[in-house]
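Hi everyone, thanks for coming. I'd like to walk you through one structure today, so have a look at it on the screen before I start.

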Amino acid sequence: MAELHSSIVALVALAAKIACNHPGQGLCQVDKLKEYGVAKEQIDAVIEIARHIRDEAAQKLDARFDEAYAEGFQPAKPTIPADPFANIAMVETSGACCTPTKSGQSCC
């Protein structure tokens with residue numbers, strides 16, 4: 001296995017610490033990166049990407065929480081009597097069973 005350059009390890013650690021809200025905030029890695037001669041613009045880019053990932057994850061978690069929270073205040077759904085015809089198979093007469101992926105791959 002090839003070893004990563006110490007500056008790459010420091011960049012990865014910095015990004016991880018920012019993205020996970022580590023109490024140390026990656027400041028130790030910033031000092032190491034400065035010692036290694038990594039440009040401020042490169043460090044800034046890593047910080048921006050890590051914060052974006054962190055913020056996006058937080059937004060998705062908040063949205064999922066808000067959805068579950070709102071469901072807890074919905075009125076109970078009425079019970080629908082069993083439909084004796086519900087288990088009868090339906091046959092599609094036209095059209096595809098699914099749509100392809102963006103690259104054209106079939107999903108069925």
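Let's begin with Glu71. Glu71 is exposed, with a relative accessible area of 55%. It's found in helix H3, which covers residues 40–71. Oh, and keep in mind that what you're looking at is a predicted model.

So which residues join Glu71 in a negative surface patch? The others are Asp62, Asp66 and Glu67.

Okay, staying in helix H3, let's talk about charges that pair up. Here's the general idea: side chains of opposite charge can pair when their charged atoms come close. How many salt bridges does a search of the whole structure find? It finds 2.

One of them links Asp44 with Lys40, and the closest N and O atoms there are 2.9 Å apart. Why might those two be placed to meet? Asp44 and Lys40 are 4 residues apart in helix H3, so about one helical turn separates them. Now, are they buried or exposed? Lys40 is exposed, at 56% relative accessible area, while Asp44 counts as partly exposed, at 33%.

The other salt bridge brings together the side chains of Arg54 and Asp55, at 3.1 Å from N to O. Arg54 has a relative accessibility of 23%, so it counts as partly exposed. Asp55 is partly exposed too, with 36%.

Right, enough charge. Let's move to helix H1, residues 6–19, where you'll find Ile8. Ile8 is partly exposed, with a relative accessible area of 39%. What kind of surface patch does Ile8 help make? A nonpolar one, of about 350 Å², together with Leu4, Val9 and Val12.

Last stop: Gln29, in helix H2, which runs over residues 27–36. Is Gln29 buried or exposed? Its relative accessibility is 9%, and the cut-off for buried is under 20%, so Gln29 counts as buried. And what is Gln29 in contact with, if we leave aside its neighbours within four places in sequence? The list is Ala10, Ala13, Leu14 and Lys17.

Let me recap quickly. On the surface we had a negative patch that includes Glu71, and a nonpolar patch that includes Ile8. We also went through the 2 salt bridges, and we finished on Gln29, which is buried. That's my tour, thanks for listening!

Conventions. Residues are numbered from 1 along each chain as its sequence is written. This is a predicted model: local features need pLDDT of at least 70, side-chain atom pairs count only at pLDDT 80 or more; totals for chains, interfaces and linings use all residues. Side-chain values use heavy atoms; hydrogens and water are left out. Patches are made of residues with over 30% relative accessible area and no salt bridge: like charges are joined within 9 Å, nonpolar side chains (Val, Leu, Ile, Met, Phe, Trp, Tyr) within 5 Å. Accessible areas come from the Shrake-Rupley method with a 1.4 Å probe; for residues, only the protein chains shown count as cover. A salt bridge is a side-chain nitrogen of Lys or Arg within 4 Å of a carboxyl oxygen of Asp or Glu. Lys and Arg count as positive and Asp and Glu as negative; His and the chain ends are not counted. The place of a charge is taken as NZ of Lys, CZ of Arg, CG of Asp or CD of Glu. Helices (H or I, at least four residues) and strands (E, at least two) are DSSP runs, numbered from the N terminus. Buried means under 20% relative accessible area, exposed over 50%, partly exposed in between (1.4 Å probe, protein chains only). Contact means heavy atoms within 4.5 Å.
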